[in-house]
Amino acid sequence: MVPNIIEQAKRGLEGFAIGGYHTSGNYSKYQEEYYKYFGHHDFETRKYAIAAFTCMLGTWETGYCQVFQPVKEWEENKKWSANPFDQKRYYRFKDYLYALLEHHEQIEKEFPYMFEDIVLFLTTIELNKGISYEEWFPEHNPTIFQRLREEVLIPKQLLLGKRSHRKYLLIEIGIEPFFESDY
C-alpha cells in the first residue's frame, strides 16, 4: 500500500515543475488517504504524503481543483456529473487537519518549505472565501479549526510574509526543475 501512496502522490505532482499549483495536483482522480502517512516511519512515504496534501491545498488556493469540500457542496456537485464513474472524489478536510495538528512540528522541521506553503494556503483559502472554516464546513467539529488556528496558524503567521524561492520547494519534494532559474 505504501508504494501506491508514493506513486499516486507523484502522479498528482506531474506538471508541478512547470506551473506549480496551477498545473498539477489532480488528486480528484484518486482516493488515497495520504493523511495516514504524515508520521510514517519511512521518510519518502512521509514526504510524498505531505507533498500531496500541500499540492491539494495549493490547487485549492489557486482555484484549479478543490478536493476538500463540505459534504453539501460535494453532494450538489455529484448531481451534475454525467458519468458516475467519472465523479470527482473529495477528501475529508478534518482528517488532514487532525493529522497536521498531530505532526506539524515534525513536518515543519523536516519539510520547512512545504510547511510554509501549508500555513499560507490554509490562511489564504479561508480569507478568500470570506467566511470561517466553521461556517463553511458545518459537518466538522468546530474545535478542529480553533485548534488549527491556535496551534499552527497564529504561532506561524510570520511564515505568511516569507515566501521562499520555489526552487527550495522543488528540491525538498524531489522534483526536477523545468526552468533554469529553479536550479
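## Helices, a pocket and five residues

At 42% relative accessibility, Tyr64 counts as partly exposed (buried means under 20% relative accessible area, exposed over 50%, and partly exposed in between, using a 1.4 Å probe and protein chains only). The model here is predicted, so local features need pLDDT of at least 70 and side-chain atom pairs count only at pLDDT 80 or more, while totals for chains, interfaces and linings use all residues. Residues are numbered from 1 along each chain as its sequence is written, and side-chain values use heavy atoms, with hydrogens and water left out.

**The overall build**

The protein chain holds nine helices and zero strands (DSSP runs, helices being H or I of at least four residues and strands E of at least two, numbered from the N terminus). Written out along the sequence, the pattern is α-α-α-α-α-α-α-α-α. Of the 183 residues in the chain, 49% are buried. Now take the contacts (heavy atoms within 4.5 Å) between residues at least 6 apart in sequence: 70% of them join residues at least 24 apart.

**The loop after H3**

Back to Tyr64, which sits in the loop between H3 and helix H4 (71–79). Not counting residues up to four places away in sequence, Tyr64 touches Tyr21, His22, Ser24 and Thr59. Cys65 is in that loop between H3 and H4 too, but Cys65 counts as buried, at 8% relative accessibility. His22 turns up for both of these loop residues: the C-alpha distance is 6.0 Å from Tyr64 and 8.8 Å from Cys65.

The table sets these pairs beside two others that are discussed below.

| Pair | Apart in sequence | C-alpha to C-alpha |
|---|---|---|
| Tyr64 and His22 | 42 residues | 6.0 Å |
| Cys65 and His22 | 43 residues | 8.8 Å |
| Trp136 and Gln69 | 67 residues | 8.8 Å |
| Gly174 and Lys10 | 164 residues | 9.9 Å |

**Two buried residues in helices**

Trp136 lies in helix H7 (residues 133–136) and is buried, at 8% relative accessibility. Leaving aside residues up to four places away in sequence, its partners are Trp60, Gln66, Pro70, Glu73, Ile125, Lys129 and Ile131. Trp60 falls within the range of helix H3 (43–62), while Ile125 and Lys129 fall within that of helix H6 (112–129).

Thr54 is found in helix H3. With a relative accessible area of 1%, Thr54 is buried. With residues up to four places away in sequence again set aside, Thr54 touches Tyr21, Met114, Asp117, Ile118 and Phe121. Two of those names, Tyr21 and Asp117, come back when we turn to the pocket.

**Helix H9 and what follows**

Helix H9 covers residues 166–173, and Leu169, Leu170, Glu172 and Ile173 are buried in it. Seen down the axis of H9, these buried residues fall within an arc of 165° (taken from the directions from the helix axis to the C-beta atoms), so they line one face of the helix.

Just after H9, Gly174 takes a positive phi of about 95°. Gly174 is partly exposed, with a relative accessible area of 48%. Apart from residues up to four places away in sequence, Gly174 touches Lys47 and Tyr48.

**The largest pocket**

Which residues lie nearest the centre of the largest pocket? They are Tyr21, Asp117, Arg163, Arg166 and Leu169, out of 17 residues in the lining. Here a pocket is an open set of points on a 1 Å grid over the protein atoms alone where a 1.4 Å probe fits, with protein on both sides within 12 Å along at least five of seven lines, and lining residues have an atom within 4 Å of a point. Leu169 therefore appears in two roles, as a buried residue of H9 and as one of those nearest the pocket centre.

Which helix gives the largest share of the lining of the largest pocket? That is H6, with four residues. At least two lining residues each come from helix H2 (16–19), helix H3, helix H6 and H9. By type, the lining divides into six nonpolar, six polar and five charged residues (Ala, Val, Leu, Ile, Met, Phe, Trp, Tyr, Cys and Pro count as nonpolar, Asp, Glu, Lys and Arg as charged, and the others, Gly among them, as polar).
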